[in-house]
Amino acid sequence: MATQQELSGFLAEIERRAYKQALFAVRDEHLALDVVQDSMTKLVEKYPGKPLEELPLLFQRILQNTIRDFYRRQKTRSLWTTLFSSFIPRNQEKENEDYDPLETLQLDGPSNFGDPHEQLEQSQLLNLLEKAIETLPARQRQAFLLRYWEEMDVAEAAAVMGCSEGSVKTHCSRATHRLAALLEKNGIEL
């Protein structure tokens, strides 16, 4: 059974990676924060007595289910929005949300050590890789992030995704080949 401090430490450790995972899935910073917060709340409320070793796998399952729930809600809202949009006059302009790039959350900035040229290259490569990951289909992205970002083995990733180990391997293989092709297209040789 995890103590309160161990649970807090686990949540602090997983927060950034979970945020990035949710951001890749929902593609909106504020919604990603909501998804992570909901997942963490569910873990704390429903599973306070679980051992520390079980928390990573359990949290990933909760996070993936929360992302799925988000998409289900969006689908329902989209249907109602579409139905009600027929009552809005066509000549009325829609309000545009302002996007301020300075308000974005910088998670993994360059380190304070080393050659500035290397830092710039690494920063550009990470940015390119993140954009490439965003283009992956949802299941491929999920399998890739669980296997290589969260460093889960095939069995753990299959349990989180609710599919067979063979499916995880297939999704990971397709994701890595697609990412390699996208990176190669941008002049990065692997």
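This briefing covers one helix packing contact and two buried residues. The model is predicted. Helix α5 and helix α7 have axes that come within 8 Å of each other. Gln142 in helix α5 and Lys20 in helix α1 are treated after that contact.

**Packing of α5 and α7**

- Helix α5 spans residues 138-149 and helix α7 spans residues 165-185, and their axes cross at roughly 95 degrees.
- The crossing angle makes α5 roughly perpendicular to α7, because angles of 65 to 115 degrees count as such.
- On the α5 side, the contact is made by Arg139, Gln140, Ala143, Phe144, Arg147 and Tyr148.
- On the α7 side, the contributors are Val168, His171, Cys172, Arg174, Ala175, Thr176, Arg178 and Leu179.
- By residue class, the contact of α5 with α7 consists of 7 nonpolar, 3 polar and 4 charged residues.

**Gln142**

- Gln142 is a residue of helix α5.
- Gln142 has a relative accessibility of 9% and therefore counts as buried, the cut-off being under 20%.
- Leaving aside residues up to four places away in sequence, Gln142 touches Gln64, Arg68 and Met161.

**Lys20**

- Lys20 belongs to helix α1, which covers residues 4-26.
- With a relative accessible area of 9%, Lys20 is buried.
- The side chain of Lys20 forms a polar contact with the side chain of Glu130, at 2.9 Å.
- Lys20 and Val36 are 16 residues apart along the chain, and their C-alpha atoms are separated by 9.5 Å.

Conventions
Residues are numbered from 1 along each chain as its sequence is written. This is a predicted model: local features need pLDDT of at least 70, side-chain atom pairs count only at pLDDT 80 or more; totals for chains, interfaces and linings use all residues. Side-chain values use heavy atoms; hydrogens and water are left out. Axes are lines fitted to C-alpha atoms, for helices over the stretch in contact, and angles run from 0 to 180 degrees between N-to-C directions. Helices (H or I, at least four residues) and strands (E, at least two) are DSSP runs, numbered from the N terminus. Angles under 35 degrees count as roughly parallel, over 145 as roughly antiparallel, 65 to 115 as roughly perpendicular and the rest as oblique. Contact means heavy atoms within 4.5 Å. Ala, Val, Leu, Ile, Met, Phe, Trp, Tyr, Cys and Pro count as nonpolar, Asp, Glu, Lys and Arg as charged, and the others, Gly among them, as polar. Buried means under 20% relative accessible area, exposed over 50%, partly exposed in between (1.4 Å probe, protein chains only). A polar contact is a pair of N or O atoms within 3.5 Å; within protein, one must be able to donate a hydrogen and the other to accept it, and residues adjacent in sequence count only if both atoms are side-chain atoms.
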